Amino acid sequence: MKIAVMKEIHEGEKRVPLIPPTVEKLVKLGAELEVEADLGLSCRYDNGDYEKAGARINSSREDMLKTADIILRLRKPPLAEIDLMKKGCIHISYLDPFNETELVDKLADAGISAVSLEMIPRTTVAQKMDVLSSQANLGGYVSVILAAEQLDKIFPMMTTPAGTIKPARVFIIGVGVAGLQAIATARRLGARVEAFDTRPVVEEQVKSLGAKFVKIDLGETGQTKDGYAKQLTPEQMQMQKEGMAKACALADVVITTAQLFGRPAPRIVDRAMIAQMQPGSVIIDMAVETGGNVEGSELDKVVEVEGVKVVGLGNLPGRVALTASQMYSSNLGNFVDHFWDKEAKTFNLNLDDEIMRGALITHNNEIVSEMYKSIKNK
Ligand code: NAD
């Protein structure tokens, strides 16, 4: 079975989908690996490193797309490449399906079996393949490093002959994978950290990292069976804003990470709240690529709103591209390994497996994901 690994063509993307150690692992399983020439250069892996790991280098992208049984890549495929793929080809990547309905339709029409790595269920078995978690974890880390760089104060308390400097105050909104790592990183740098999430279950996790949980009574909130937040009512959103305004006003740094699965991110920090903050404070909007949590944030820009620096830089994991590639590659390798029939030496697209049922969007010329269909029809 021929597995082709495509070089990323999205502008500015430095992450690499598969690194040589994972190539070696898949070759040992009996897979025939072909990687596009210069696949790993942005992370300093050259073609020779891939050849040593057992892959063949191909410099014709078109030829690779036309002959692959399985295609691995980082981001969604461009529409124009779908017609080149063989019918029945298994395509594994991020797909962003809820924002890419035309792409999903085209993949179905072309008879591609497209796996969306974002849709891997949040189960214990699937943790090792969970790209959302591995990349969000790094994004959380990077958000704090960016904030520390933008802020003209230091994070830790310092007692010096020149006086005592108070620790910076960091407020983190949304405590999923990214938020937890942001708390841990800000704490390691010595900041005083507060956090809030609409899912009350995270209070214990926040406390265990040495941060304070900001309590706001929003009535019934809850979470989905996969652990994702439910959308708030407009009244609850207003209560949340009022409850958070004080924590924002006292913070030197606000980091927002709030996301809603399959929907645009909730808008939770408005201009009035920003106006209450000290000039020179910093807001990092980690949700800027899915619509933004912060009024006025702009993708890939640092803008000033009411004297506060609002940072809307996208692709935060891409700023630590080597680590992000190691993790993504490992997730991808574990996914292929999980479905690999070790005797027949083939990938078994096992529809009885709940991970495949969750992640497979199109198959046999149809859209097969129940989750995709239910959210799209809402
Ligand atoms: P996410 O990226 O979808 O959202 C980030 C956070 O934003 C969530 O904690 C969410 O509750 C919060 N949020 C949404 N609306 C908000 C609002 N209005 N105000 C404040 N916060 C808001 O979440 P995620 O990081 O993917 O994690 C979701 C859950 O899944 C977490 O509990 C995580 O621990 C769990 N998880 C489980 C597994 C597993 O068991 N395999 C793997 C990964 C994550």
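Trainee: How many bridges join E10 to E11, and in which sense, parallel or antiparallel, do these strands run?

Mentor: Strands of a sheet pair through backbone hydrogen bonds, either parallel or antiparallel. Two strands count as paired if DSSP finds at least two bridges between them, and the element names refer to DSSP runs numbered from the N terminus, with helices (H or I) of at least four residues and strands (E) of at least two. Here two bridges join E10 to E11, and the strands run parallel; glutamate 194 stands opposite lysine 212 in E11. This is a predicted model, in which local features need pLDDT of at least 70 and side-chain atom pairs count only at pLDDT 80 or more, while totals for chains, interfaces and linings use all residues. Residues are numbered from 1 along each chain as its sequence is written, and side-chain values use heavy atoms, with hydrogens and water left out.

Trainee: Which elements make a β-α-β unit with E10, and of which hand?

Mentor: A crossover is called right-handed if, with the strands pointing away from the viewer, the path from the first strand over the helix to the second runs clockwise. E10, helix H8 (residues 203-208) and E11 make a right-handed unit of this kind. On the other side of the pairing, strand E9 (residues 169-173) is joined to strand E10 (residues 192-196) by five bridges, and these strands run parallel; in E10, valine 193 is the bridge partner of valine 170. The chain crosses from E9 to E10 through helix H7 (residues 177-188), and this β-α-β crossover is right-handed.

Trainee: How many residues of E10 are buried?

Mentor: Burial is read from the relative accessible area, where buried means under 20%, exposed over 50% and partly exposed in between, computed with a 1.4 Å probe on protein chains only. Four of the five residues of E10 are buried, and the strand is thus described as mostly covered.

Trainee: What is the strand order of the open sheet of seven strands?

Mentor: The order is E11-E10-E9-E12-E13-E15-E14, with mixed pairing. Strand E11 (212-213) and E14 are the edge strands, each of which pairs on one side only. Helix H6 (residues 131-150) packs on the sheet, where it touches strand E12 (253-256), E13, E14 and E15, a contact being heavy atoms within 4.5 Å. The direction of H6 makes about 155 degrees with that of E13; such axes are lines fitted to C-alpha atoms, for helices over the stretch in contact, and the angles run from 0 to 180 degrees between N-to-C directions.

Trainee: Where does the mixed pairing of this sheet show itself?

Mentor: Compare the two pairings of E15. Strand E13 (residues 282-285) is joined to strand E15 (residues 308-311) by three bridges, and the two run parallel, with valine 310 in E15 as the bridge partner of isoleucine 283. Strand E14 (residues 302-305), by contrast, pairs with E15 in the antiparallel sense over four bridges, and valine 302 has valine 311 in E15 as its bridge partner. The hairpin of E14 and E15 has two residues between the strands, and in it glutamate 306 takes a positive phi near 50 degrees.

Trainee: Which strands stand at the edges of the sheet of eight strands?

Mentor: This open sheet has the order E3-E2-E1-E4-E5-E6-E18-E19, with mixed pairing. Strand E3 (56-58) and E19 stand at the edges, and each has a single partner strand, so one side of each is left without a neighbour in the sheet. H11 packs on the sheet, touching E1, E4, E5 and strand E6 (113-116), and its direction makes about 150 degrees with that of E5.

Trainee: How many aromatic pairs does the count give?

Mentor: A pair of aromatic rings is described by the distance of the centres and the angle of the planes. Rings of Phe, Tyr and Trp (its six-membered ring) pair if their centres lie within 6.5 Å, and planes under 30 degrees apart count as stacked, over 60 as edge-to-face and the rest as tilted. The count comes to nine aromatic pairs. Among them, tyrosine 94 and tyrosine 328 form a tilted pair, 5.7 Å centre to centre with 35 degrees between the planes, and both tyrosines are buried. Phenylalanine 98 and phenylalanine 261 form an edge-to-face pair, 5.7 Å centre to centre with 75 degrees between the planes.
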